[in-house]
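Reader: I would like to go through this entry feature by feature. Please give the general idea each time, and then the case at hand.

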Amino acid sequence: MSATTARPDSTNRTFTTYRAAVVHEFNAPLTVEQVPRRQLEAGQILVKVEATGLCHTDIHAAHGDWPVKPSPPFIPGHEGVGIVLELGPGVSEVALGDRVAMPWLGYACGTCDYCVSGWETLCLEQENMGYSIDGGFGEYAVAYARYVVKVPAGIDPIEAAPLTCAGVTTYKAVKVAGTRSSDLVAVFGVGGLGHLAIQYAAIAGGRVIAVDLIDEKLELARELGAEFTVNAAKEDPIEAIQRLGGADQAIALAVSPRAFEQAYASLRRHGTLVFVALPADNEVTLPIFETVLNGITIVGSIVGTRSDLREVFELHSAGKTKVISEIRPLEQVNQAIADVEAGHVTARIVLQP
Ligand SMILES: [Zn+2]
Ligand SMILES: [Zn+2]
(Lines give C-alpha, C1' and ligand atoms only; values in the text may rest on other atoms or scores of the structure.)
(Ligands and ions follow the chains in the order given, each with its own letter.)
Protein backbone atom coordinates (compact mmCIF):
# COMPACT_ATOMS: atom_id res chain seq x y z
CA MET A 1 0.00 0.00 0.00
CA SER A 2 1.57 3.29 -1.04
CA ALA A 3 0.72 6.73 0.29
CA THR A 4 -1.06 7.62 -2.93
CA THR A 5 -3.41 4.65 -2.83
CA ALA A 6 -3.93 4.64 0.92
CA ARG A 7 -7.48 5.40 2.03
CA PRO A 8 -8.76 6.29 5.45
CA ASP A 9 -10.13 3.28 7.24
CA SER A 10 -13.74 2.91 6.18
CA THR A 11 -14.54 0.17 8.69
CA ASN A 12 -15.79 1.47 12.00
CA ARG A 13 -15.50 5.28 12.05
CA THR A 14 -17.59 5.56 15.20
CA PHE A 15 -15.41 3.49 17.51
CA THR A 16 -15.08 4.95 20.99
CA THR A 17 -12.15 2.90 22.28
CA TYR A 18 -9.05 1.31 20.74
CA ARG A 19 -6.24 -1.01 21.78
CA ALA A 20 -3.02 0.49 23.08
CA ALA A 21 -0.07 -0.47 25.28
CA VAL A 22 -0.25 1.59 28.46
CA VAL A 23 2.26 2.30 31.24
CA HIS A 24 0.32 2.43 34.51
CA GLU A 25 3.28 2.19 36.83
CA PHE A 26 7.06 2.57 36.37
CA ASN A 27 9.01 -0.69 36.19
CA ALA A 28 5.84 -2.74 35.76
CA PRO A 29 4.86 -4.51 32.52
CA LEU A 30 2.80 -2.46 30.05
CA THR A 31 -0.81 -3.55 29.70
CA VAL A 32 -2.41 -3.84 26.28
CA GLU A 33 -5.97 -2.62 26.82
CA GLN A 34 -8.83 -0.60 25.40
CA VAL A 35 -8.35 3.15 25.86
CA PRO A 36 -10.91 5.87 25.16
CA ARG A 37 -10.73 7.72 21.86
CA ARG A 38 -10.24 11.43 22.54
CA GLN A 39 -11.97 14.35 20.85
CA LEU A 40 -9.54 16.12 18.52
CA GLU A 41 -8.50 19.62 19.54
CA ALA A 42 -7.56 22.41 17.14
CA GLY A 43 -4.56 21.43 15.03
CA GLN A 44 -4.75 17.73 15.90
CA ILE A 45 -5.23 14.69 13.69
CA LEU A 46 -6.21 11.08 14.29
CA VAL A 47 -3.79 8.59 12.77
CA LYS A 48 -4.44 4.91 12.18
CA VAL A 49 -1.10 3.43 13.20
CA GLU A 50 0.49 0.94 10.81
CA ALA A 51 3.84 0.48 12.52
CA THR A 52 5.74 1.88 15.48
CA GLY A 53 9.36 1.30 16.43
CA LEU A 54 10.52 0.39 19.91
CA CYS A 55 13.23 2.87 20.95
CA HIS A 56 15.33 2.64 24.10
CA THR A 57 13.70 5.92 25.15
CA ASP A 58 10.35 4.10 25.38
CA ILE A 59 11.94 1.67 27.81
CA HIS A 60 13.41 4.50 29.88
CA ALA A 61 9.97 6.16 29.86
CA ALA A 62 8.30 2.96 31.07
CA HIS A 63 10.89 2.66 33.84
CA GLY A 64 10.78 6.35 34.83
CA ASP A 65 14.58 6.35 34.50
CA TRP A 66 15.25 9.99 33.74
CA PRO A 67 15.28 13.19 35.81
CA VAL A 68 12.16 14.48 34.01
CA LYS A 69 9.58 11.69 34.23
CA PRO A 70 6.35 11.13 32.30
CA SER A 71 3.14 10.81 34.35
CA PRO A 72 1.39 7.43 34.17
CA PRO A 73 -0.91 6.37 32.74
CA PHE A 74 0.58 7.09 29.32
CA ILE A 75 1.11 5.40 25.95
CA PRO A 76 4.77 5.25 24.81
CA GLY A 77 5.95 5.37 21.19
CA HIS A 78 7.68 8.07 19.14
CA GLU A 79 8.28 6.14 15.93
CA GLY A 80 4.62 5.79 14.97
CA VAL A 81 3.75 5.80 11.28
CA GLY A 82 0.23 5.63 9.91
CA ILE A 83 -2.57 7.04 7.81
CA VAL A 84 -4.41 10.27 8.61
CA LEU A 85 -7.97 9.24 9.38
CA GLU A 86 -9.54 12.40 10.77
CA LEU A 87 -8.68 16.11 10.87
CA GLY A 88 -9.31 18.32 13.90
CA PRO A 89 -10.42 21.96 13.62
CA GLY A 90 -8.15 24.19 11.52
CA VAL A 91 -5.85 21.48 10.11
CA SER A 92 -4.46 22.31 6.68
CA GLU A 93 -0.94 20.79 6.84
CA VAL A 94 -1.99 17.23 5.98
CA ALA A 95 -4.94 15.62 4.20
CA LEU A 96 -7.04 12.53 4.89
CA GLY A 97 -5.21 9.46 3.62
CA ASP A 98 -1.71 10.93 3.94
CA ARG A 99 0.89 8.64 5.48
CA VAL A 100 2.67 10.47 8.29
CA ALA A 101 5.41 9.88 10.84
CA MET A 102 4.86 10.99 14.46
CA PRO A 103 8.29 11.76 15.94
CA TRP A 104 9.53 12.57 19.46
CA LEU A 105 8.99 16.31 18.86
CA GLY A 106 5.20 16.10 19.02
CA TYR A 107 4.59 19.81 19.49
CA ALA A 108 6.60 23.03 19.81
CA CYS A 109 5.52 26.65 20.25
CA GLY A 110 6.64 27.77 16.80
CA THR A 111 7.59 31.29 17.89
CA CYS A 112 10.39 31.19 20.47
CA ASP A 113 14.03 31.90 19.51
CA TYR A 114 14.75 28.16 19.23
CA CYS A 115 11.73 27.44 17.04
CA VAL A 116 12.38 30.31 14.62
CA SER A 117 16.11 29.59 14.30
CA GLY A 118 15.85 25.95 13.26
CA TRP A 119 16.30 24.54 16.76
CA GLU A 120 12.68 23.61 17.46
CA THR A 121 14.02 20.50 19.21
CA LEU A 122 15.19 22.82 22.02
CA CYS A 123 11.82 24.59 22.43
CA LEU A 124 10.94 24.90 26.11
CA GLU A 125 7.23 24.48 25.33
CA GLN A 126 7.70 21.21 23.49
CA GLU A 127 5.59 18.12 24.00
CA ASN A 128 7.01 14.69 23.29
CA MET A 129 5.17 11.79 21.71
CA GLY A 130 5.05 8.80 24.01
CA TYR A 131 6.32 10.82 26.95
CA SER A 132 4.40 13.99 27.82
CA ILE A 133 1.64 13.18 25.31
CA ASP A 134 0.38 9.72 24.29
CA GLY A 135 2.41 8.08 21.56
CA GLY A 136 2.22 5.46 18.85
CA PHE A 137 1.88 2.19 20.79
CA GLY A 138 -1.76 1.75 19.81
CA GLU A 139 -4.13 1.09 16.95
CA TYR A 140 -4.59 4.86 16.70
CA ALA A 141 -2.75 7.96 17.89
CA VAL A 142 -3.54 11.66 18.13
CA ALA A 143 -0.84 14.02 16.84
CA TYR A 144 -0.39 17.71 16.03
CA ALA A 145 -0.61 18.10 12.24
CA ARG A 146 2.12 20.73 12.22
CA TYR A 147 4.67 18.38 13.79
CA VAL A 148 4.08 15.20 11.84
CA VAL A 149 6.19 14.59 8.73
CA LYS A 150 4.72 13.15 5.54
CA VAL A 151 6.21 9.82 4.52
CA PRO A 152 7.02 9.83 0.80
CA ALA A 153 5.21 7.32 -1.42
CA GLY A 154 7.24 4.16 -1.81
CA ILE A 155 8.63 4.03 1.73
CA ASP A 156 7.18 1.07 3.59
CA PRO A 157 5.77 2.04 7.02
CA ILE A 158 7.87 -0.76 8.55
CA GLU A 159 10.97 1.09 7.34
CA ALA A 160 9.63 4.59 7.98
CA ALA A 161 9.07 3.81 11.68
CA PRO A 162 12.73 3.32 12.72
CA LEU A 163 13.74 6.29 10.58
CA THR A 164 11.37 8.49 12.60
CA CYS A 165 13.62 8.41 15.69
CA ALA A 166 16.66 6.17 15.21
CA GLY A 167 17.16 7.59 11.72
CA VAL A 168 16.64 11.28 12.34
CA THR A 169 18.55 11.18 15.64
CA THR A 170 21.69 9.69 14.14
CA TYR A 171 21.40 11.73 10.94
CA LYS A 172 21.39 14.88 13.08
CA ALA A 173 24.24 13.55 15.25
CA VAL A 174 26.43 13.15 12.16
CA LYS A 175 25.49 16.70 11.08
CA VAL A 176 26.37 18.01 14.55
CA ALA A 177 29.63 16.01 14.49
CA GLY A 178 30.55 17.85 11.30
CA THR A 179 31.81 14.73 9.52
CA ARG A 180 33.63 15.46 6.25
CA SER A 181 35.22 13.18 3.69
CA SER A 182 38.03 10.99 5.04
CA ASP A 183 37.22 11.73 8.70
CA LEU A 184 37.45 8.67 10.95
CA VAL A 185 34.11 8.33 12.73
CA ALA A 186 33.80 5.99 15.72
CA VAL A 187 30.25 4.77 16.32
CA PHE A 188 29.85 3.35 19.84
CA GLY A 189 26.84 1.01 19.93
CA VAL A 190 25.46 -0.68 16.82
CA GLY A 191 21.74 -1.37 17.60
CA GLY A 192 18.69 0.54 16.40
CA LEU A 193 20.49 3.89 16.24
CA GLY A 194 23.99 2.68 15.47
CA HIS A 195 23.11 0.71 12.35
CA LEU A 196 21.79 3.94 10.84
CA ALA A 197 24.56 6.18 12.25
CA ILE A 198 27.11 4.05 10.37
CA GLN A 199 25.29 4.68 7.11
CA TYR A 200 24.87 8.44 7.62
CA ALA A 201 28.54 8.82 8.59
CA ALA A 202 29.52 6.94 5.43
CA ILE A 203 27.15 9.06 3.30
CA ALA A 204 28.85 12.18 4.74
CA GLY A 205 32.17 10.76 3.51
CA GLY A 206 33.47 9.39 6.80
CA ARG A 207 35.44 6.16 7.30
CA VAL A 208 33.54 4.35 10.00
CA ILE A 209 34.77 2.26 12.91
CA ALA A 210 31.93 0.52 14.76
CA VAL A 211 32.26 -0.57 18.39
CA ASP A 212 29.95 -3.02 20.13
CA LEU A 213 30.06 -6.00 22.49
CA ILE A 214 28.28 -8.46 20.20
CA ASP A 215 29.93 -10.00 17.12
CA GLU A 216 26.63 -10.38 15.27
CA LYS A 217 26.05 -6.62 15.47
CA LEU A 218 29.58 -5.92 14.26
CA GLU A 219 28.98 -8.18 11.29
CA LEU A 220 25.88 -6.12 10.47
CA ALA A 221 27.95 -2.95 10.88
CA ARG A 222 30.40 -4.18 8.24
CA GLU A 223 27.56 -5.05 5.87
CA LEU A 224 26.25 -1.49 6.28
CA GLY A 225 29.52 0.22 5.48
CA ALA A 226 31.75 0.16 8.58
CA GLU A 227 35.36 -0.19 7.41
CA PHE A 228 36.62 -1.28 10.84
CA THR A 229 34.95 -2.96 13.81
CA VAL A 230 36.00 -3.50 17.41
CA ASN A 231 34.44 -5.91 19.88
CA ALA A 232 34.93 -3.98 23.14
CA ALA A 233 34.34 -7.18 25.15
CA LYS A 234 37.47 -8.70 23.63
CA GLU A 235 39.67 -5.74 22.74
CA ASP A 236 40.27 -2.25 24.14
CA PRO A 237 38.45 0.09 21.72
CA ILE A 238 40.58 3.07 22.78
CA GLU A 239 43.81 1.34 21.75
CA ALA A 240 42.27 -0.02 18.56
CA ILE A 241 41.02 3.40 17.46
CA GLN A 242 44.18 5.24 18.52
CA ARG A 243 46.20 2.74 16.44
CA LEU A 244 44.26 4.07 13.44
CA GLY A 245 45.24 7.63 14.40
CA GLY A 246 42.29 8.42 16.66
CA ALA A 247 38.74 9.36 15.72
CA ASP A 248 37.91 12.77 14.28
CA GLN A 249 34.43 12.25 15.66
CA ALA A 250 32.97 9.75 18.10
CA ILE A 251 29.24 9.24 18.44
CA ALA A 252 28.09 7.78 21.77
CA LEU A 253 24.99 5.66 21.21
CA ALA A 254 25.43 2.92 23.82
CA VAL A 255 23.47 3.37 27.07
CA SER A 256 26.55 3.00 29.23
CA PRO A 257 28.65 5.82 30.73
CA ARG A 258 31.73 3.61 30.25
CA ALA A 259 31.16 3.67 26.47
CA PHE A 260 31.01 7.49 26.59
CA GLU A 261 34.37 7.56 28.38
CA GLN A 262 35.87 5.16 25.87
CA ALA A 263 34.49 7.25 23.02
CA TYR A 264 36.11 10.33 24.52
CA ALA A 265 39.49 8.61 24.87
CA SER A 266 39.34 7.33 21.30
CA LEU A 267 39.42 10.87 19.86
CA ARG A 268 42.39 12.43 18.15
CA ARG A 269 43.36 16.01 18.93
CA HIS A 270 40.68 18.54 17.92
CA GLY A 271 38.17 15.68 17.84
CA THR A 272 34.46 15.94 18.62
CA LEU A 273 32.46 13.69 20.92
CA VAL A 274 28.70 13.69 20.35
CA PHE A 275 26.49 12.60 23.26
CA VAL A 276 23.33 10.93 21.97
CA ALA A 277 22.36 7.96 24.15
CA LEU A 278 20.75 8.68 27.51
CA PRO A 279 21.90 6.07 30.04
CA ALA A 280 19.82 5.76 33.20
CA ASP A 281 23.12 6.29 35.05
CA ASN A 282 23.50 10.01 34.29
CA GLU A 283 27.21 10.66 35.02
CA VAL A 284 30.46 10.38 33.12
CA THR A 285 33.97 11.24 34.26
CA LEU A 286 36.03 13.11 31.69
CA PRO A 287 39.39 14.83 32.21
CA ILE A 288 39.56 18.63 32.01
CA PHE A 289 43.30 18.87 31.29
CA GLU A 290 43.25 16.68 28.15
CA THR A 291 40.04 18.31 26.92
CA VAL A 292 41.70 21.73 27.04
CA LEU A 293 45.12 20.76 25.72
CA ASN A 294 43.74 18.56 22.95
CA GLY A 295 41.09 21.08 21.89
CA ILE A 296 38.26 18.57 22.28
CA THR A 297 34.63 19.46 21.58
CA ILE A 298 31.85 17.70 23.49
CA VAL A 299 28.35 18.31 22.18
CA GLY A 300 24.89 16.96 22.98
CA SER A 301 22.51 16.14 20.16
CA ILE A 302 18.79 15.57 20.70
CA VAL A 303 16.72 13.96 17.90
CA GLY A 304 16.30 16.17 14.81
CA THR A 305 13.88 18.65 13.30
CA ARG A 306 11.08 18.06 10.80
CA SER A 307 13.45 19.27 8.15
CA ASP A 308 16.06 16.68 9.20
CA LEU A 309 13.41 13.94 9.07
CA ARG A 310 12.40 15.00 5.56
CA GLU A 311 16.04 14.64 4.52
CA VAL A 312 16.20 11.21 6.17
CA PHE A 313 13.16 10.10 4.16
CA GLU A 314 14.64 11.62 1.00
CA LEU A 315 17.85 9.60 1.42
CA HIS A 316 15.87 6.44 2.06
CA SER A 317 13.65 7.05 -0.99
CA ALA A 318 16.81 7.40 -3.04
CA GLY A 319 17.96 3.96 -1.87
CA LYS A 320 20.90 5.32 0.15
CA THR A 321 19.98 3.71 3.49
CA LYS A 322 18.89 0.30 4.74
CA VAL A 323 16.66 -0.21 7.76
CA ILE A 324 17.14 -3.46 9.65
CA SER A 325 14.18 -4.45 11.80
CA GLU A 326 12.09 -7.32 13.02
CA ILE A 327 8.32 -7.14 13.27
CA ARG A 328 6.37 -8.11 16.40
CA PRO A 329 2.69 -7.73 17.28
CA LEU A 330 1.95 -4.92 19.75
CA GLU A 331 0.72 -7.58 22.23
CA GLN A 332 4.34 -8.75 22.59
CA VAL A 333 5.60 -5.34 23.71
CA ASN A 334 6.83 -6.59 27.10
CA GLN A 335 8.80 -9.45 25.56
CA ALA A 336 10.19 -7.01 22.99
CA ILE A 337 11.39 -4.70 25.79
CA ALA A 338 13.00 -7.64 27.60
CA ASP A 339 14.79 -8.68 24.41
CA VAL A 340 16.13 -5.17 23.77
CA GLU A 341 17.36 -4.93 27.36
CA ALA A 342 19.08 -8.30 27.08
CA GLY A 343 20.84 -7.15 23.90
CA HIS A 344 19.10 -9.87 21.84
CA VAL A 345 17.92 -7.49 19.14
CA THR A 346 20.33 -6.82 16.28
CA ALA A 347 18.81 -3.49 15.26
CA ARG A 348 15.19 -2.35 15.68
CA ILE A 349 11.94 -4.00 16.74
CA VAL A 350 8.89 -2.62 14.94
CA LEU A 351 5.54 -3.23 16.64
CA GLN A 352 2.37 -3.65 14.62
CA PRO A 353 -0.98 -2.99 16.25
ZN1 LIG B 1 13.84 7.29 20.14
ZN1 LIG C 1 9.41 27.15 20.69
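**Reading the model**

Author: Helix H1 has Thr 57, Asp 58, Ile 59, His 60, Ala 61 and Ala 62 as its buried residues. Buried means under 20% relative accessible area, exposed over 50%, and partly exposed in between, with a 1.4 Å probe and protein chains only. Helices (H or I, at least four residues) and strands (E, at least two) are DSSP runs, numbered from the N terminus. The model is predicted, so local features need pLDDT of at least 70 and side-chain atom pairs pLDDT 80 or more, while totals for chains, interfaces and linings use all residues. Residues are numbered from 1 along each chain as its sequence is written, chains are lettered from A and ligands numbered from 1 in the order written, and side-chain values use heavy atoms, without hydrogens and water.

Reader: What do the buried residues of H1 pack against?

Author: Contact means heavy atoms within 4.5 Å. The buried residues of H1 pack against strand E3 (44-54) and helix H10 (333-341). H1 is mostly covered, with 6 of its 8 residues buried. Gly 64 follows H1 and has a positive phi, near 65°.

Reader: How is confidence read, and which residues have pLDDT under 50?

Author: pLDDT is the predictor's confidence in each residue, from 0 to 100. The chain averages 95, and 96% of the residues score at least 70. Over residues 1-10 pLDDT stays under 50, and the model has 19 contacts beyond four places in sequence for them.

Reader: Which residues are the protein donors of the zinc ion (ligand 2)?

Author: Donors are N, O and S atoms within 2.8 Å of the metal (3.2 Å for Na, K and Ca); water is not among the atoms, so sites may look incomplete. For ligand 2 the protein donors are Cys 109 (SG), Cys 112 (SG), Cys 115 (SG) and Cys 123 (SG), at 2.3 to 2.4 Å from the zinc ion. Their spacing in sequence is C-x2-C-x2-C-x7-C.

Reader: Why is the arrangement around the zinc ion (ligand 2) called tetrahedral?

Author: Four donors count as tetrahedral if all angles lie between 85 and 135 degrees. The 4 donor atoms around ligand 2 subtend angles of 104 to 117°, so the arrangement is tetrahedral. Cys 109 is partly exposed, with a relative accessible area of 25%, whereas Cys 115 counts as buried at 12%.

Reader: Which protein donors does the zinc ion (ligand 1) have?

Author: Cys 55 (SG), His 78 (NE2) and Cys 165 (SG) lie 2.0 to 2.1 Å from the zinc ion (ligand 1). The pair His 78 and Cys 165 links distant parts of the chain, 87 residues apart: His 78 is in the loop between helix H1 (56-63) and strand E4 (80-87), and Cys 165 is in helix H3 (residues 157-177). Both His 78 and Cys 165 are buried.

Reader: How many aromatic pairs does the whole structure hold?

Author: A pair of aromatic rings is described by the distance of the centres and the angle of the planes. Rings of Phe, Tyr and Trp (its six-membered ring) pair if their centres lie within 6.5 Å; planes under 30 degrees apart count as stacked, over 60 as edge-to-face and the rest as tilted. The whole structure has 9 aromatic pairs. The rings of Tyr 171 and Tyr 200 have centres 5.2 Å apart and planes at 70°, so this pair is edge-to-face. Tyr 171 in helix H3 and Tyr 200 in helix H4 (residues 194-203) are 29 residues apart.

Terms used:
Tetrahedral: all angles 85-135°; square planar, octahedral: opposite > 155°, others 65-115°.
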